[in-house]
Amino acid sequence: FWDKRFYDVLFTLARSEPPYLVNGLWHQQKFEVEFVPRQYVIVRAAKEIEWLREAFSRTLGLEPSFQYQEASGGKFVMEWRMADREARWQALQGMPTYKNPKRLYAMPEY
């Protein structure tokens, strides 16, 4: 992360088996990262933080696939999907647990 200019961030491992969960802190702003290597990365925060989008996009080498708000708790969520993008997009649409889903970046499946 540091190599990609992801500075002043504290990461704490919360779950050490897939899906992994990491708590983050950046300038007094908390966020969490859930991920399964080569499948997805999900970043959740209390509000939209453009710096998180930029930093994770730069580190992962791709733009986020989706963003939405969680109905319970109202967290702002961004997802980077490396696999099963279409299935996830279908799951996000029309579900009351996901508010305002937006497809941000379409990419072919491999």
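In this predicted model, seven strands come together as an open sheet, and reading across it gives the order 1-2-3-4-6-5-7, with antiparallel pairing. Strand 1 (9–15) and strand 7 (98–103) sit at the edges, each with a pairing partner on one side only. Going from one strand to its neighbour, the direction turns by 20° on average, ignoring which way the strands run. As a bit of background, strands of a sheet are held in pairs through backbone hydrogen bonds, and the pairing can be parallel or antiparallel.

Two helices pack on this sheet. Helix 1 touches strand 1, strand 2 (20–26), strand 3, strand 4, strand 5 (66–70) and strand 6 (76–81). Its direction makes about 10° with that of strand 6. Helix 2, made of residues 85–92, also packs on the sheet, and the strands touched by helix 2 are strand 5, strand 6 and strand 7. Here the angle to the direction of strand 7 is about 145°.

Which residues of helix 1 are buried? They are Trp-51, Leu-52, Ala-55, Phe-56 and Ser-57. The cover over these buried residues includes strand 1, strand 2, strand 3, strand 4 and strand 6. Just after helix 1 comes Gly-61, with a positive phi near 80°.

Now for the strand pairs in a little more detail. Strand 2 and strand 3 are joined by seven bridges in the antiparallel sense, and one of the bridge partners is easy to pick out: Trp-26 is matched with Gln-29 in strand 3. The hairpin made by strand 2 and strand 3 has two residues between the strands, and His-27 takes a positive phi near 50° there. Strand 3 then pairs with strand 4, again in the antiparallel sense, over six bridges. Along this pair, Val-33 has Val-43 of strand 4 as its bridge partner, while Glu-34 stands opposite Ile-42.

The hairpin of strand 3 and strand 4 has three residues between the strands. Arg-38 belongs to the loop between these two strands, and its phi is positive, near 70°, although Arg-38 is a residue other than glycine. Is Arg-38 buried or exposed? Its relative accessible area is 76%, so Arg-38 is exposed.

Asp-8 is another place where the backbone takes a positive phi, about 55°, in a residue that is not a glycine. Asp-8 lies in the segment before strand 1. With 56% relative accessibility, Asp-8 counts as exposed, because the cut-off for that label is over 50%. A further backbone feature turns up a little later in the chain: the peptide bond from Pro-18 to Pro-19 is cis, with omega near -10°. Pro-19 is placed in the loop between strand 1 and strand 2.

Where is Lys-75 found? Lys-75 belongs to the loop between strand 5 and strand 6. Lys-75 has a relative accessibility of 32%, so it counts as partly exposed. Setting aside neighbours within four places in sequence, the residues in contact with Lys-75 are Glu-32, Arg-44, Ala-45, Tyr-68, Gln-69 and Glu-70. Leu-25 is 50 residues away from Lys-75 in sequence, and the two lie 15 Å apart in space, C-alpha to C-alpha.

That leaves the empty space. In general, rolling a probe the size of a water molecule over the atoms shows where space is left. The largest pocket in the model holds about 170 Å³ of space. Its lining is made of 14 residues, and those that lie nearest the centre of the pocket are Phe-1, Val-33, Phe-35, Val-41 and Phe-56. Some of these names have already come up: Val-33 is the bridge partner of Val-43, and Phe-56 is among the buried residues of helix 1. Which elements each supply at least two residues of the lining? Strand 3 (29–36), strand 4 (40–45) and helix 1 (50–60) do. Sorted by class, the lining has twelve nonpolar residues, one polar residue and one charged residue.

Definitions and conventions:
Residues are numbered from 1 along each chain as its sequence is written. This is a predicted model: local features need pLDDT of at least 70, side-chain atom pairs count only at pLDDT 80 or more; totals for chains, interfaces and linings use all residues. Side-chain values use heavy atoms; hydrogens and water are left out. On a 1 Å grid over the protein atoms alone, a cavity is a set of points where a 1.4 Å probe fits but cannot get out, and a pocket is an open set with protein on both sides within 12 Å along at least five of seven lines; lining residues have an atom within 4 Å of a point. Grid points are joined across faces, edges and corners, and a volume is the space filled by probe spheres set on the points. Helices (H or I, at least four residues) and strands (E, at least two) are DSSP runs, numbered from the N terminus. Ala, Val, Leu, Ile, Met, Phe, Trp, Tyr, Cys and Pro count as nonpolar, Asp, Glu, Lys and Arg as charged, and the others, Gly among them, as polar. Two strands pair if DSSP finds at least two bridges between them. Axes are lines fitted to C-alpha atoms, for helices over the stretch in contact, and angles run from 0 to 180 degrees between N-to-C directions. Contact means heavy atoms within 4.5 Å. Buried means under 20% relative accessible area, exposed over 50%, partly exposed in between (1.4 Å probe, protein chains only).
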